[in-house]
Amino acid sequence: MKGNDVTNNDNGTATGNGNGNGVKRSSNPLSGSMDRMRDWWAGAPQWQRWGVYVALIVGALILPAPWIGAFMSPDNDWTTVLFFPIGVYMLMAIGLNVVVGMAGLLDLGFVAFYAIGAYSLAYFGTEYGWNFWATLVIGVAITAVSGVILGAPTLRLRGDYLAIVTLGFGEIVRITANNTDEIGGARGITNVPHPPDMFGQKFLFDPAPYYYLMVATIVLAIIFSRRLEISRVGRSWAAIREDEDAAELMGVPTFKFKLLAFAVGAIIGGLAGTVWAGQANFVAPNSFPFILSATILVAVVLGGSGNLPGVMVGAFLIAWLPERFREVQDYRILFFGAVLVLLMALRPEGLLPSRRRRAELAEGTGGMGSMGAEVAGPTSDPDMEVSK
Amino acid sequence: MLDDLSSQFLPSTVGGLAAGAIYALIALGYTMVYGVLRLINFAHSEIFMIGAFASLFVLITMGISAPLTGIALVGMLLLMMIVSMAAAGGAAVVLEQVAYKPLRKKGASRLAALISAIGASLFLQELFALIVIPEVFDTPGRNTVPVPRIADRDVLFSIGNANIRTDHVIVIVAALAMMIVLDQVVNRSRMGRGIRATAQDPEAAVLMGVNIDNVVRLTFLLGGAMAGVAGMLYAFEYENLIFNVGFILGVKAFTAAVLGGIGNIRGALVGGFALGLIENWGAIFLGSEWKDVTAFVVLVIVLMFRPTGILGESLQRARA
Amino acid sequence: MTGSPEEKGGAHREAPALLELDDVVMAFGGVVAMNQVNLTIREGEIFALIGPNGAGKTTAFNVVTGVYRPTSGQVRFAGQRIDGMKRYKVTKAGVARTFQNIRLFHNMSALENVMVGIDAHHRTGAIGAVLGMPWHYREQRHGRERGLELLEFVGISHRAHDTAKNLPYGDQRRLEIARALGTDPKLLLLDEPAAGMNPAEKQSLQELIRRIRDDGRTVLLIEHDMGLVMHISDRVAVLDFGQLLAMGTPSEVQKNPKVIEAYLGAEADAS
């Protein structure tokens, strides 16, 4: 199959350096075994890879089994937890990873796209009685456009300004929803339509079909973002992340590709919102606080920004731990905050980093250059360098 | 609409100046830290929050429940201000030690530093929501905490249909006075020279014998103290506090800093008042529920068309 | 394309102009980094830009590649105005460069670095990549094959899969050249390519630059190593304080009294 042919080759390029000359190995046993796994994966024949894919998908499908749930979620219905927050967070993290991990743009308002996706379904479903699938398509279009609308004026800004502007955008969307009576104001919209029956499955209040729908969406999102990553698009993102000026001078239309990253991230975030709203039956502005953007960012950074499996593990942990250990539920944001601070000081590359990203974050490239007022740090000012 | 404008213009201006004074004081911290470290100190909003609660703590400890007058009022305000400055300034220095210094020493990326800042911000908010507010103020952590009124809101004089009250005067005068003091410190003192030198060129500053760690600590201390004053004035003027009171205010103050030209101390003043006026005048037409949106839109527009702000960036030159 | 056999190694005066700078002024505030510079670089030549530090050489590169928009004057490439054009469009039009202080994508492999350059002429977008369109695979294959070819050409194909920052210094300079060649430039700008190289490396760099020219590309280089400059350049221009001081063949320039004064000013006074 063609898709794998490319995956194969790319792995050859990306991980070929693992044998001695690559990024300095961390002494940490976790990344050591990760590297060994990666090397195995790079050299694994086609059938073994497919074996892993199939095993993962089968695993995802039997995951809602009660005996697993008895351990994973003794307090709440496990399938419900699997759909939300676990599935939703994972899908959103895959989307945010495109923006933050691949293109190196810090987006603090990612929840806006999730909200727009959810509101699209709620509005068109209740006002016009459109079917779930029709609104899904419209919702994707609307979120992509909103990604472009946010990006077009702001993507020329310095990285940290961009972060604050995206945060502002997230708040604008929430406050606007809150103040606009046409979409329910602060009360939100109720009776959001469920998806129509499919494969004999009724989408009502049983969470199982939604979970399978979520799994399918996540698999699609993984395929999409992985294919982008190994293509010209992903290479351009990586180049922009490392040295935007050099990238532009090597013929990369940086603005266009940054906009694309925003749009792709927005689409995946929007999908998460639409699927969630189809199950939740109800949307309101206070489902979309800044803290959700921050939580997804924690997931991406914790897992290992830029590395898809890492990001998904990160999202899973962030979503699951507070559900499993109810006693810590109240303390989860306190904990997330501490995790971010500690992680940046001790292991900025996250738990399961991509090899490349690990080096970038540690040495002060990775999108923004290093902090000022630190003489020992590497040169941080690209504009200065060009003109030297 | 025009009636609204003529009847509300002057009162909105007064409200805008009072709000703007507080934005300006918080903006100073953003602007100074950005000037020296090129870092958006995302947790600065929580430093402000700590300052606000410190003032409330003073009022509760002193058992104030009725408005004061005369010397008692002035003394109480000074006491609140000193305690808030100490609490917020101290918190800012600790924040720097814990959340930024390790990254600085490693020469870590600014992305990493910003993420650390966000983490510190979440941590401090939750620390108050979960522990400090329930324990110290005896209120459920996510509820608003009322602040007792310590000065009667007498109308001192009127301009047109705008009534200028005692509290307006106190807020605006106190804020201006603090800003003048800070401006003098930074522009006249030896320590202030260190800050300016570092903002311009850290490497040269080190060669000239400036101790970067001291400069950074001082920057956080001064910025934090100003946020403390802002917190005290906020508690005094708006009389309600909540654990995340800093969030929106912080973004607005940052907007003010950018509006005036980030890194520029006088710019923070101009930006703060400008933003306060813009959002309050905007509210005449749009309704006050759109105030926050107005502020964010101003931020985007400024960054798009004049990213160096009204007065330009003066502690340092604009850097990518 | 150009560089037919009889043109090689000398008389390029008849060859058509490839890059023209007309009265280019580049001022930063009060500092004039380029003052009314006129230059014509002809197809197929190796042209060197020399001058003391701060003479405006790198500024000239930045003006040509679109990093700066000149304060006044025109830059034309193959007859088309490129001043004020977007940087990536200048690159697509056929101008590529290296950097004085190496600016590779340090954490990408050598091959990936070159592929970024080659991508300049590729068209696969998000949709093509996601849906796995035939052109996506064609371009991926082309990028890899061409990339390996270019690494071979500059002599570092054995390091194709190494991370760029782990390459030795000389190889990083070569990788930058390969990455620039990936964009298939008609004009290649090399900013101090020999900086930090030992004599043997300089020798092979010299050969590499010749081979690039023999491939039909025009080379414009900034270099401080006079031996190298005089050896391989067809023509040399001297910049001093943003002004064009002299221009001609290496031997003409070496004899030019103004150049001697600018370079040896102190000694000349002393004697």
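Q: UniProt positions use the numbering here, with feature names shortened and annotations possibly inferred rather than shown by experiment. Which residues of chain A does UniProt list as "transmembrane region"?
A: The unreviewed entry lists 50-72, 78-98, 105-124, 130-152, 208-225, 259-278, 290-319 and 331-348 of chain A. This is a predicted model: local features need pLDDT of at least 70, side-chain atom pairs 80 or more, while totals for chains, interfaces and linings use all residues. Residues count from 1 along each chain as written, with chains lettered from A and ligands numbered from 1 in written order.

Q: How much of 331-348 is helix?
A: That span of chain A is 83% helix and 0% strand, with end C-alpha atoms 23 Å apart. Helices are DSSP runs of H or I, at least four residues; strands are E, at least two; both are numbered from the N terminus.

Q: And 290-319 of chain A?
A: 87% helix, 0% strand. Its end C-alpha atoms lie 16 Å apart.

Q: Switching to chain C. What are its domains?
A: Domain 1 is 5-94 + 185-270, and domain 2 is 106-178. The bounds come from an automatic or database assignment. Over C-alpha atoms, their centres are 27 Å apart.

Q: How many residues are in contact between them?
A: 7 from domain 1 and 6 from domain 2 of chain C. Contact means C-beta atoms, placed from the backbone, within 7 Å. On the domain 1 side, α2 (87-93) and α7 (199-214) of chain C each give two or more residues.

Q: Is α6(C) mostly covered or uncovered?
A: Mostly covered: 12 of its 14 residues are buried (20 or more other C-beta atoms within 10 Å of their own). The buried residues pack against β6 (95-97), α3 (110-118), α5 (134-154) and β7 (187-191) of chain C.

Q: What follows α6(C)?
A: C:Asp184, with a positive phi near 55°.

Conventions:
Two residues are in contact if their C-beta atoms, placed from the backbone, lie within 7 Å.
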